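Biologist: I would like to learn how to read burial and domain contacts in a model such as this one. Could we go through it step by step?

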Amino acid sequence: MGEDGEVCVLIPTLDEAETIGDVIAGLHEAGLENVLVVDGHSTDDTVEIAANAGARVITQSGSGKGQAVREAIEQVDAEYVLMLDGDGTYVPSQADRLLEPLRAGEADHVVGNRFADMESGAMTRLNKVGNRLFNRVFRGVHGEDHGDILSGYRAFTRDSFERMHLSATGFGIETEMAVECVKRGLDVSVVPITYRARPAGSDPNLNPIADGGRILLTLYSLAKTTNPLFYFGSVGGLIFGAGLLFGGYVGVEYFTQNVSHEIIAVLATLAILLGGQLILFGFLADMLASLHRERLRRLDEIADRLEELEE
């Protein structure tokens with residue numbers, strides 16, 4: 001692949017001095033010269049090494065990977081953006097796998113599937129279980145299979161990114177992008193990539209417990225716009241079920257022991273009513289969300305036609 005000026009490579013970094021130089025060199029060998037490193041206030045030599053390797057380096061104004069990506073995109077003029085981590089776990093020479101569907105017009109967003117070729121020791125057993133759980137939850141809640149929603153190796157058109165409404169500041173950015181792809185009706189392709197173990201001396205910036213909890217919370221909270229029936233129905237179902245359970249207890253106690261529990265009975269009734277209302281609201285919200293998605297799709301079609309006429 002020759003030098004490619006239509007692609008900007010975006011690398012968020014935080015203390016990646018051990019690996020960032022090799023990552024940038026690998027991208028240059030792959031013909032990708034436009035490399036933008038957005039650094040999250042590293043305390044090692046990441047910034048100096050990246051600059052000496054030929055990358056353009058900016059320091060993010062805030063903190064967290066999500067904030068870094070959103071801020072860096074404002075500095076990008078290229079048609080396509082290739083995003084990867086600077087920790088050496090991704091293979092720069094495989095960049096063309098992710099860019100090809102964009103160039104062919106087959107996708108707006110491309111995800112590199114780490115599970116297609118994962119080296120031994122690249123991911124702990126806990127992380128594997130967590131990642132597979134997140135992917136299953138995403139498929140169940142949002143109705144699409146993106147293969148590996150937490151992959152940090154992905155490519156997308158700048159136009160599709162601008163259509164997303166992103167607010168995540170940390171590692172939830174990949175999850176939020178996956179949900180926005182579903183919400184905006186973007187075409188997504190999944191391609192196999194190699195996921196390597198982190199080189200010795202390179203420390204992970206991800207906390208599997210804390211960040212995993214945030215990712216699950218992000219998946220659930222974003223369901224209110226993509227799958228409101230699940231979002232409201234799950235809470236409503238729990239409350240409704242609890243109401244039935246306590247109501248059944250009150251009934252058994254009254255008919256077998258002649259003991260009445262007025263307060264519990266009132267609470268059970270309120271729970272059944274509230275749960276039922278939430279489930280009903282979920283159905284109504286789901287209908288409105290479907291109408292909204294259809295409206296967005298038609299607006300996008302109109303915008304595309306206007307662009308064609310202007311050309």
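Modeller: Let us begin with one residue: Asn135 has 5% relative accessibility and therefore counts as buried, the term meaning under 20% relative accessible area with a 1.4 Å probe and protein chains only. This is a predicted model, in which local features need pLDDT of at least 70 and side-chain atom pairs count only at pLDDT 80 or more, while totals for chains, interfaces and linings use all residues. Residues are numbered from 1 along each chain as its sequence is written, and side-chain values use heavy atoms, with hydrogens and water left out.

Biologist: Which residues does Asn135 touch, not counting residues up to four places away in sequence?

Modeller: Contact means heavy atoms within 4.5 Å, and on that basis Asn135 touches Phe115, Gly147, Asp148 and Ile149. With Ile149, the side chain of Asn135 reaches the backbone nitrogen at 2.9 Å.

Biologist: How should I read the area buried between domain 1 and domain 2?

Modeller: The size of an interface is often given as the accessible area lost when the parts come together. Here the domains, 3-226 and 228-310, have bounds from an automatic or database domain assignment, and the area buried between them is about 880 Å², summed over both parts with a 1.4 Å probe. Carbon and sulfur atoms give 59% of that area. Lys183, Tyr220 and Lys224 supply 49% of the area that domain 1 buries against domain 2, more than any other three residues.

Biologist: How many salt bridges are counted between domain 1 and domain 2?

Modeller: The count is zero, where a salt bridge is a side-chain nitrogen of Lys or Arg within 4 Å of a carboxyl oxygen of Asp or Glu.

Notes. Buried < 20%, exposed > 50% of the residue type's maximum accessible area, 1.4 Å probe, protein only. Polar contact = N/O pair within 3.5 Å; in protein donor to acceptor, adjacent residues only side chain to side chain. Buried area = accessible area lost by both parts, 1.4 Å probe.
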